Structures are given as structure tokens and as C-alpha cells.
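User: I am new to this structure and would like to know what stands behind the labels people attach to it. Could you take me through the reasoning?

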Amino acid sequence: MIRDISLIVVLIVGLQSFLFSQELSPNSRERSKIASSLRNRKIESVRVLVKDKSTFIQWMIINFPGVEIAEEKLHHVYRIKISSVSEVEKLAKAPSVEFIDRENRMPTEEKALGAFDLTLNKIYAAQRFYNTTGEGLVASIKEKPFDVEDIDLKNRVVLTNQFDEPSTLHATSMATIIAGAGNSEPSGRGVAPGAEVTTSDFLQLLPDEGSVLTSLHVSLQNHSYGVGVENYYGIESSAY
């Protein structure tokens with residue numbers, strides 16, 4: 001029985017390798033630069049992580065003249081309009097390219113939570129007997145803005161330009177779980193009721209610029225959203 005299972009595993013892995021080699025034909029080093037998500041799907045654009053910007057741009061001018069290129073704000077990432085597997089293969093040969101990933105994914109908020117129980121992990125006990133309140137810390141919540149007028153968060157919000165957008169229930173729930181003061185009711189008390197909170201837009205999935213987080217005195221950042229399952233180590237994973 002164990003031999004049969006092992007044989008099945010070997011056959012599956014071998015089949016996957018064969019299919020991949022049929023779809024993307026560069027050598028193994030170049031193939032490792034291409035995300036598996038670019039297989040079996042229509043390609044309209046890709047994101048490319050590069051080691052050296054100037055080297056990459058010069059290579060693109062020679063090898064992809066006229067192709068639309070847009071630079072991401074951070075992390076040496078470019079968005080490139082190409083539409084075929086053969087173009088992806090050619091792009092993988094660029095000397096400065098480290099990884100080619102699919103286009104930006106759109107994050108979505110998860111469902112809003114109902115009641116939550118802080119007794120399960122002894123959080124209430126830590127607050128009561130050790131005065132652990134999170135005072136002096138700033139938590140950044142990366143999604144849409146939360147309600148700055150919420151009575152459980154009031155006077156502990158570090159404002160940014162993102163608060164010009166409408167707030168959402170899910171973001172407010174996350175902020176309350178993290179730092180709610182419990183002014184509205186006992187269930188409105190969070191893990192760190194003395195901490196300050198701020199926001200960061202999750203439409204930019206890549207990490208925020210370090211200098212921005214430092215200027216806001218951010219101690220930690222919460223990510224509670226969905227982007228789908230990614231079964232490879234992509235650009236966002238590498239950046240974080």
C-alpha cells in the first residue's frame with residue numbers, strides 16, 4: 001500500500017513537471033523566475049522584480065522597444081504590458097530580473113466579526129493583573145479606514161490622508177479588537193486598550209515604506225483581508 005501511494009506521488013510530480021516544461025521552455029534557472037500563476041491563464045500584464053533598475057531599463061529599451069512599463073512605488077517592481085508566454089520567457093532572460101509575477105491582485109475585506117472572547121488567551125488576566133494595555137504602541141491596520149469617531153477609539157487615532165476615504169465596518173471591528181477602550185460596552189474592549197491606531201491602504205499590497213511607518217511611530221501592523229491562495233513564494237511574500 002505504501003509503495004502504491006509513493007508511486008502515485010511520483011507520477012503526479014512527474015506529470016506536473018512535464019506539463020510545466022511544455023508550457024514554459026526556458027532552462028531551469030530562467031523557469032524558476034516565472035510564477036506558477038502565469039501558467040494556463042490569459043496574460044495581459046506582469047509584475048517584474050528586478051535587482052538593478054538601470055540595467056533592467058536599458059535591457060528593456062533594446063529587447064522590448066515601445067512596450068508600456070510602469071514602476072511600482074517601492075521594492076524595485078515594474079508593471080509591464082505583455083500578453084504571451086513567449087514574451088514572459090524572453091523577459092526571464094533579462095540579466096537583472098529576479099522574479100516575474102502576475103498582475104496586482106485586488107484585496108477584499110473579510111466578513112465582519114461578531115463577539116470575540118479575550119479570556120481564551122488569558123488577555124483579560126494580563127490586562128487586569130499586569131496592567132498590559134499597549135500604552136506607547138501604535139498599531140497600523142492595513143485595509144480600508146476605520147471610524148475615527150468610534151467611542152472606543154477616540155483620541156487614540158494617528159491621522160493620515162487615508163482617513164479621507166469612507167470607513168468600513170470590518171476595519172472598525174479590527175481596530176476595536178486591537179485597541180478598543182470598552183467605552184461602549186465590555187465587548188468593545190480590545191487586546192491593547194491603551195495603544196494608538198492608524199491605517200494603511202491595502203490596495204498597495206506591498207509593504208509600506210519604512211520611513212512612513214517610522215514617522216507614524218508604528219510598532220506593528222495588522223493584515224486581515226483576503227487575496228486568494230498563492231501556492232508559490234511571490235513578490236509580496238519576498239518583500240515582507
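User: Let's start with Phe56. Where is it found, and why is it called buried?

Analyst: Happy to help! One thing to keep in mind is that this is a predicted model. Phe56 is found in helix α3, residues 53–63. A residue is buried when its relative accessible area is under 20%. Phe56 has 0%, so it is called buried.

User: Which residues does Phe56 touch?

Analyst: Leaving aside residues up to four places away in sequence, Phe56 touches Val48, Val50, Tyr78, Ile80, Leu91, Ser96 and Val97. A contact needs heavy atoms within 4.5 Å. Ser96 is a nice example: Phe56 and Ser96 are 40 residues apart in sequence, yet their C-alpha atoms are 5.6 Å apart in space.

User: How much of the contact in the whole protein joins residues that are 24 or more positions apart?

Analyst: Among contacts with a separation of 6 or more, 75% are between residues 24 or more positions apart. For the overall picture, the protein has eight helices and nine strands. Buried residues make up 40% of its 240 residues. The protein exposes about 14000 Å², and carbon and sulfur atoms supply 55% of that.

User: What makes α6 mostly covered?

Analyst: Ten of the eleven residues in α6 are buried. Among them are His170, Met174, Ile177 and Ile178. The buried residues of α6 pack against β5 (108–109), β6, β7 and β8.

User: What makes Arg47 and Glu236 a salt bridge?

Analyst: The label asks for a side-chain nitrogen of Lys or Arg within 4 Å of a carboxyl oxygen of Asp or Glu. In the pair Arg47 and Glu236, the closest N and O atoms are 2.6 Å apart, so the pair falls within the 4 Å cut-off. This pair links distant parts of the chain: Arg47 is in strand β1 (residues 46–50) and Glu236 in helix α8 (residues 235–239), 189 residues apart.

User: Are Arg47 and Glu236 buried or exposed?

Analyst: Buried again means under 20%. Arg47 has a relative accessible area of 1%, so it is buried. Glu236 has 7%, so it counts as buried. Arg47 and Glu236 are also linked with Asp101 and Arg105 in a network of salt bridges.

User: How many salt bridges does the structure hold, and what is the N to O distance for Lys144 and Glu165?

Analyst: The structure holds nine salt bridges. The side chains of Lys144 and Glu165 meet in one of them, at 3.2 Å from N to O. Both Lys144 and Glu165 lie in the loop between β6 and α6, so the pair ties together parts that are 21 residues apart in sequence. Another salt bridge joins Lys154 and Glu149, with the closest N and O atoms 3.2 Å apart.

User: Why are Glu165 and Lys154 called partly exposed?

Analyst: Partly exposed covers the range between under 20%, which is buried, and over 50%, which is exposed. Glu165 has 29% relative accessibility, so it counts as partly exposed. Lys154 has 43%, so the label is partly exposed here too.

User: What phi does Asn155 have, and why is Asn155 called exposed?

Analyst: Asn155 has a positive phi of about 70°, although it is not a glycine. Asn155 sits in the loop between β6 (138–143) and α6 (169–179). Exposed means over 50%, and Asn155 has 74% relative accessibility, so it counts as exposed.

User: How do you know that His217 is exposed?

Analyst: The reasoning runs along similar lines. His217 has a relative accessible area of 60%, so it passes the cut-off of over 50% and is exposed. His217 lies in the loop between α7 (210–215) and β8 (220–222), and has a positive phi of about 60° although it is not a glycine.

User: Finally, what lines the largest pocket?

Analyst: The largest pocket has a volume of about 340 Å³ and is lined by 17 residues. Lys73, Ser200, Asp201, Asp208 and Val212 lie nearest its centre. β7 gives the most to the lining, with four residues. By class, the lining has five nonpolar, eight polar and four charged residues.

Key. Residues numbered from 1 in each chain as written. Predicted model: local features only at pLDDT ≥ 70, side-chain atom pairs only at ≥ 80, totals over all residues. Heavy atoms only, no water. Helix = DSSP H or I, 4+ residues; strand = E, 2+ residues; numbered from the N terminus. Buried < 20%, exposed > 50% of the residue type's maximum accessible area, 1.4 Å probe, protein only. Areas by Shrake-Rupley, 256 points an atom, 1.4 Å probe, with all protein chains shown as cover. 1 Å grid on protein atoms, 1.4 Å probe; cavity = no way out; pocket = protein on both sides within 12 Å on 5 of 7 lines; lining within 4 Å. Points joined across faces, edges and corners; volume = space filled by probe spheres on them. Nonpolar A, V, L, I, M, F, W, Y, C, P; charged D, E, K, R; others polar.
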